[in-house]
Amino acid sequence: MPRPGDEVLSPPTGERLVFRQTAESSGGELFQAEIWMEPSSHVIGCHIHPEQEERFVVLGGTLATRIAGEERVLKAGGEVIVPLAARHEYWNAGDDELHILYEHRPARPSAELFFETYYGLSRDGKLDEKGYVKNPLQGAVLAWRVRDFLRPCSPPFALQPLLFSVGSVIGRLLGYRSSYERYRARPAAPPSSA
């Protein structure tokens, strides 16, 4: 699992995440990361966190959120809290790089696993243009494993336990995993001096 200071990259979506607090380092209290997002049309699609409250603090750039249907735009210094199980999505709404402090309380190791695997799949070209995992069995394996951290808004929540559990069993039998060694977070590169 990642340690504070490790990073994961997703060049296709223009995202970089540096872990600041993990489930292990915070005793399960806080997952915290810094995320940088390049300006683009990429939207972190609709999802919920069934067991965590989520918090964004804008450190630079412009963040847009849609939480339970209400859209907000925040500049540096702005903060928003996503309540437990609220449908939400977010994106870089500006022309500059977005830099946010991103938190979940309580922390779940599945959050760290999700970001490692999801960004790895992105690097390998295994996400579609909306950011969904192209292979439904790989998607089911990952979704079932991280269901205590994240659930997509589609398919309907009532169908997800059946679809993802069955898909996960079949996917694992075919060799898909929820984590891969090649996708593990690595120590962040030191900032370049320009």
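The exercises below, each with a worked solution, concern a predicted model.

**Exercise 1. Determine how helix H2 is oriented relative to helix H3, and which residues make the contact.**

Solution. Begin with the geometry: H2 (residues 136-145) and H3 (residues 160-173) pack at an angle of about 115°, and their axes are 7 Å apart. Angles from 65 to 115 degrees count as roughly perpendicular, and H2 and H3 are therefore roughly perpendicular to each other. The next step is the sense of the crossing, which is left-handed where H2 passes H3. On the H2 side the contact comes from Leu 137, Ala 140, Val 141, Ala 143 and Trp 144, while on the H3 side the residues met include Pro 161, Phe 164, Ile 170 and Arg 172. Sorted by character, the residues of the contact of H2 with H3 comprise eight nonpolar, four polar and one charged.

**Exercise 2. Carry out the corresponding analysis for helix H1 and H2.**

Solution. H1 spans residues 109-123 and packs against H2 at an angle of about 160°, with the axes 10 Å apart. Since angles over 145 degrees count as roughly antiparallel, H1 and H2 are roughly antiparallel to each other. H1 passes H2 in a left-handed crossing. From H1, the residues Ser 110, Leu 113, Phe 114, Thr 117 and Leu 121 take part in the contact, and from H2 they are Gln 138, Leu 142 and Arg 145. The contact of H1 with H2 thus divides into four nonpolar residues, three polar and one charged.

**Exercise 3. Classify the aromatic pair of Phe 19 and Phe 31, and state which parts of the chain the pair ties together.**

Solution. The structure holds 14 aromatic pairs. For Phe 19 and Phe 31 the ring centres are 6.0 Å apart and the planes stand at 80°, so the pair is edge-to-face. Phe 19 belongs to strand S2 (residues 15-21) and Phe 31 to strand S3 (residues 31-37), so the pair ties together parts that are twelve residues apart in sequence. Both Phe 19 and Phe 31 are buried. A further edge-to-face pair is formed by Tyr 180 and Tyr 183, at 5.4 Å centre to centre and with 70° between the planes. Tyr 180 is buried at a relative accessible area of 14%, and Tyr 183 is buried at 2%. Finally, Phe 19 and Phe 31 belong to one aromatic cluster, whose members also include Phe 56, Tyr 90, Phe 114 and Phe 149.

**Exercise 4. Locate the cis peptide bonds before Pro 106 and Pro 155, and the positive phi values of Ala 68 and Ala 85.**

Solution. The bond from Arg 105 to Pro 106 is cis, with omega near -10°, and Pro 106 is in the loop between strand S10 (98-105) and H1. The bond from Ser 154 to Pro 155 is likewise cis, with omega near 5°, and Pro 155 is in the loop between strand S11 (151-152) and H3. Turning to phi, Ala 68 has a value near 50°, positive in a residue other than glycine, and lies in the loop between strand S6 (63-67) and S7. With a relative accessibility of 64%, Ala 68 counts as exposed. Ala 85 also has a positive phi, of about 65°, and is placed in the loop between strand S8 (79-82) and strand S9 (88-92). Its relative accessible area is 40%, so Ala 85 is partly exposed.

Definitions and conventions
Residues numbered from 1 in each chain as written. Predicted model: local features only at pLDDT ≥ 70, side-chain atom pairs only at ≥ 80, totals over all residues. Heavy atoms only, no water. Axes fitted to C-alpha atoms, helices over the stretch in contact; angles between N-to-C directions. Helix = DSSP H or I, 4+ residues; strand = E, 2+ residues; numbered from the N terminus. Parallel < 35°, antiparallel > 145°, perpendicular 65-115°, else oblique. Left-handed = near helix turned anticlockwise from the far one by under 90°. Contact = heavy atoms within 4.5 Å. Nonpolar A, V, L, I, M, F, W, Y, C, P; charged D, E, K, R; others polar. Phe/Tyr/Trp six-rings, centres within 6.5 Å; stacked < 30°, edge-to-face > 60°. Buried < 20%, exposed > 50% of the residue type's maximum accessible area, 1.4 Å probe, protein only.
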